[in-house]
Amino acid sequence: MNRLEKIRNFSIIAHIDHGKSTLADRLLEKTGLLTEREMEEQVLDNMELERERGITIKARAVRLLYQAKDGEEYILNLIDTPGHVDFNYEVSRSLAACEGAILIVDAAQGIEAQTLANTYLALDHDLEIMPVINKIDLPAAQPDVVVEEIENVIGIPAEDAPRISAKNGIGIEEVLEQIVQVIPPPKGDENAPLKALIFDSFYDPYKGVIIYFRVKEGRLKTGDTIHLMATGKDFEVVEVGYLHPSGFLKCDELLAGEVGYLTASIKNVSDTRVGDTITLKNNPAEKALSGYKQVNPMVFCGIYPADGARYEDLRDALAKLQLNDAALVYEPETSVALGFGFRCGFLGLLHMEIIQERLEREYNLDLVTTAPSVIYKVTKTNGEQLDISNPTNLPDPSEIDYMEEPIVKADIMVPTEYIGNIMELCQDRRGVYINTTYIDSTRAQLHYELPLNEIIYDFFDALKSRTKGYASFDYEMKGYQQSELIKLDILLNGDMVDALSFIVHSTKAYARGRRIAEKLKGSIPRQLFEIPIQAAVGNKIIARETVKAMRKDVLAKCYGGDITRKKKLLEKQKEGKKRMRQVGSVEVPQEAFMSVLKLDED
Amino acid sequence: MKIDQTKVYGIYVHIPFCLQKCAYCDFTSYPGELSRADYYLETLKKEMSYYQGISADTVYIGGGTPTCLSKNQLCSLVDAIKRNFTLTEDCEITVECNPKTADEAYFSALFLQGVNRLSIGTQSFCDKELSMLGRVHNAEEAKQCVQMAKNAGFTNINLDLMFGLPGQSMASFMQSVSELISLAPTHISAYSLILEEDTPLYSRVDSGELVLPDEDVERSMYRVLVDELSKAGYQQYEISNFSLPGFESRHNNKYWERAPYIGLGAAAHSHIGMLRFANPDELDRYIKTAKLPPAEGRETEFLTEKDAMSEFMFLGLRKMRGVSQKQFYESFGKPMTEVFSEPIQKHCQRNLLEWKDDHLCLTNRGIDVSNSVFCEFLLD
């Protein structure tokens, strides 16, 4: 048996919650015993790392050693894939590093939208799909039904799919054995010029950027000067190795077919783009691997510190996050209402949520975010073309010839009883119905084309609430389409609040304006004077609500001589006012800006 | 600390005992702990010994319910105060009491002991409201109490009144106001109910079992009260306080005027020099702390000049007369309009504050939203 025949490179694809990480853990557990020598190196390495950071490194590509029933020891490289549509491109690059994919399907829930999307992606890369039926121990498990579903819907044989419970460790051995049998070994000439595919990279404060890659052709060793073909950068390799279940292990070199990591004192992840090809400077490959593309953000929003004094902290936090996330873009912007902040671009909604959450949790920042926006293409009457991601920058309507908005292809998997609800929702979101495919008698997949700006608000929440949580959803960009779009402004006490302006389809302006006015009325506290809330398109007011003047705010009670308590109450009240944003003469709480992001509620 | 012996002080004594706790009350009081009253009184005497010889022109014994002490206990307390401090000849000595905790003999004893002012917690003259508030008395008993106090010789009597009660109608409030006026007190304290968290009444309102009158009704009650009392000859001199001419509470005025006072007993607050300090609420901790000299071992706030200026404003503005520019300048050496130019201008513009010659005071609308006005007078 030659070297390559003993290697298997694979990913696990699954719908969220179908047990991907649990299975990965089980595979690691079954195969992850260290030799004594490895153990020693490992312990040293880990200590250094922990001293530097004290965080565990996310295992993006782990090398497992498996003693198969045929008596041979196989190297199994498990390559993790991000689990969401926003990271479709990253998923596709991870898959491109593999020869096969384990498709996990939940025995109780069956195929979901994401399962299909990822499977098709894997098939696009000519991967061998190896279905696994998980959670067979659940009372509601119907493995036979699911097997049939896989065969009918995806069209791959599933008769021999291992039936397992990753949670309880049932059937893991069978999975390992099938990996060896079903998934083809890699091909590649180790003597050809180096071509290695970057499928992930992240910044480590100790080692600099760590690149995960798959060697397609040639070989790579410490001391080599590499050339990154898309970004055009050169680096000298400091370390190559692979990830063992318990940490980084250095090795001398990596050959065609193998998966590993390298470090080369690289400071910036934007130099090591996912999908780029690594070659050698003095013996370069003629052509880069296909499939590289520069990922561009699709969703934008303004992010502001709740406490204006923490602007610098926010800037530092974004810079740190960007070290590890080349897809995150941001630039400073100023809002009259919110002060100094940043306009940030994300791959999609989940990406946006992840970043916001990390800023809040890891950097302890309180944020105010504006309504998310997409990039609109504006063609002005003078022929000039603009990309607008901040509604405030939209030119005057008189200067606009026409506008275009991004459209996505959306696949929504839903139990048949909710088809009506979902069609209604998609209709309401300006969806164009394409067709319906039936998975089985109880579930269908609806295909729609939807404007991206209709799904970035609260589409996912709306989907869930209309299907008792059963719908699943996946989308990909289709392109731009001309559309009747207008800018809707919100005025408080006659003053326009720039942070609340947004671009909306003309048919929806009225309803949206009214809803926002209602929401704001609910979240702006009564103040010393009456506050009109108006929604306006140009000079035309299309909705109005009023926050009545505060009637009573008096401390009648006598606290004996306890003046300190009185003062504390007043201080608290003053603090509360300070946390609000001053918009003209109106004090607007942070929540008010956030409340308009969830218009579908109640 | 050094106490300026040349000043004349107010004295507040807290009696943290009650027969039962009212449903809205979050003051320090310990129903069922009356057995410890003797020891508590001993402690009070110890605490006052630190202030021997200091002059005072007001004494206020509040609670809790001071009159749930025995007649002898309370009289001995008043006696101890008189012996420890140098009381001015016209010293105002007030005792708070609740109907049903004192009879005519009790009042007579207090009167003979030199107490010259009573503050009676009548609160409402509607039995349904009284029982909802968790008061131990009914309206009839409250009226009898006032009569007994008068019979005992008291001519200076304050009655408490509450409004904005759950379920209270304008009609029932008007009824209470007219009953109150017919009792002819010299002074009236009228409080809008404030729901404090962790009180039974709060929970009942929070759960929706009881419903508060809406803000408009509550404010109308206040307006009606001011009008009715004014017709009956009572002047409003502070947001919550009304009196016949010459019967303002001298003790309470010290709070609004930042005059010095000494607080004795659990949870009592003192304002001496540039310090504000408080005794611990909890009985055992108070008893321990009382052995220490003033301010020591107590929660203490040192007032900066900014604090003092802010207090001058947010306390003084509670009085209908307002705050005097001249007095501000005399106290701090700076013009009030300079230190507080922004909030003064803003609130005058909004018609929440107004000038009356040298005095800046709240307008009627300003009273209704006074907290919003006051909090802008806090200096950073």
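These exercises work through cores, ring pairs, a helix and unusual backbone angles in a predicted model.

**Exercise 1. The largest nonpolar core**

Find which residues touch the most other members of the largest nonpolar core, and say where in chain B this core lies.

*Solution.*
- Step 1. The core holds 195 residues. Leu359(A), Ile61(B) and Leu77(B) touch the most other members.
- Step 2. Residues come from both domain 1 (8-256) and domain 2 (305-375) of chain B, so the core lies between these domains.
- Step 3. Take Leu359(A) and set aside its neighbours within four places in sequence. Its contacts are then Ile303(A), Leu314(A), Ala317(A), Leu318(A), Leu321(A), Asn364(A), Leu365(A) and Leu367(A).
- Step 4. A second core is separate and has 41 residues. Among them are Ala113(A), Leu121(A), Ala122(A) and Ile439(A).

**Exercise 2. Classifying ring pairs**

Classify the pair Tyr51(B) and Phe85(B), then the pair Phe328(B) and Phe332(B).

*Solution.*
- Step 1. A pair of aromatic rings is described by centre distance and plane angle. Over all chains the count is 25 aromatic pairs.
- Step 2. For Tyr51(B) and Phe85(B), the centres are 6.4 Å apart and the planes meet at 25°. Stacked requires planes under 30 degrees apart, so this pair is stacked.
- Step 3. Locate both rings. Tyr51(B) is in the loop between helix 1 (37-48) and strand 2 (55-63) of chain B. Phe85(B) is in the loop between helix 2 (71-84) and strand 3 (86-97). The pair therefore ties together parts 34 residues apart in sequence.
- Step 4. Check burial. Tyr51(B) has a relative accessible area of 2% and Phe85(B) has 4%. Buried means under 20%, so Tyr51(B) is buried and so is Phe85(B).
- Step 5. For Phe328(B) and Phe332(B), the values are 4.8 Å centre to centre and 55° between the planes, which makes the pair tilted. Both residues are buried.
- Step 6. Phe328(B) and Phe332(B) are four residues apart in helix 12 (residues 325-332) of chain B, so about one helical turn separates them.
- Step 7. Extend the pair to its cluster. Ring pairs link Phe312(B), Phe328(B), Phe332(B), Phe340(B) and Phe377(B).

**Exercise 3. Lysines over rings**

Name the ring under Lys207(A) and the ring under Lys377(A).

*Solution.*
- Step 1. Lys207(A) lies over the face of Phe248(A), 5.0 Å from the ring centre.
- Step 2. Lys377(A) lies over the face of Tyr480(A), at 4.9 Å from the ring centre.

**Exercise 4. Checking a helix length**

Compare the expected span of helix 4 (residues 113-124) of chain A with its end C-alpha distance.

*Solution.*
- Step 1. The helix has twelve residues. At 1.5 Å a residue, it should span 16 Å.
- Step 2. The end C-alpha atoms are 17 Å apart, which agrees.
- Step 3. Buried residues in this helix include Ala113(A), Leu116(A), Leu121(A) and Ala122(A).
- Step 4. Asp126(A) follows the helix, with a positive phi near 60°.

**Exercise 5. Unusual backbone angles**

Place Gly64(B), Lys135(A) and Ser265(A) in their loops.

*Solution.*
- Step 1. Most residues other than glycine have a negative phi, and most peptide bonds are trans.
- Step 2. The bond from Gly63(B) to Gly64(B) is cis, with omega near 25°. Gly64(B) sits in the loop between strand 2 and helix 2 of chain B.
- Step 3. Lys135(A) has a positive phi of about 60°. Its loop joins strand 5 (128-134) and helix 5 (143-154) of chain A. At 23% relative accessibility, Lys135(A) is partly exposed.
- Step 4. Ser265(A) has a positive phi near 50°. Its loop runs between strand 14 (259-263) and strand 15 (277-280) of chain A. At 45% relative accessibility, Ser265(A) is partly exposed.

How values were computed. Residues numbered from 1 in each chain as written. Chains lettered and ligands numbered in written order. Predicted model: local features only at pLDDT ≥ 70, side-chain atom pairs only at ≥ 80, totals over all residues. Heavy atoms only, no water. Core = buried A, V, L, I, M, F, W, Y, C linked by side-chain atoms within 4.5 Å. Buried < 20%, exposed > 50% of the residue type's maximum accessible area, 1.4 Å probe, protein only. Domains from an automatic or database assignment. Contact = heavy atoms within 4.5 Å. Phe/Tyr/Trp six-rings, centres within 6.5 Å; stacked < 30°, edge-to-face > 60°. Helix = DSSP H or I, 4+ residues; strand = E, 2+ residues; numbered from the N terminus. Lys NZ or Arg CZ within 6 Å of the ring centre and 35° of its normal. Expected span 1.5 Å × (residues − 1).
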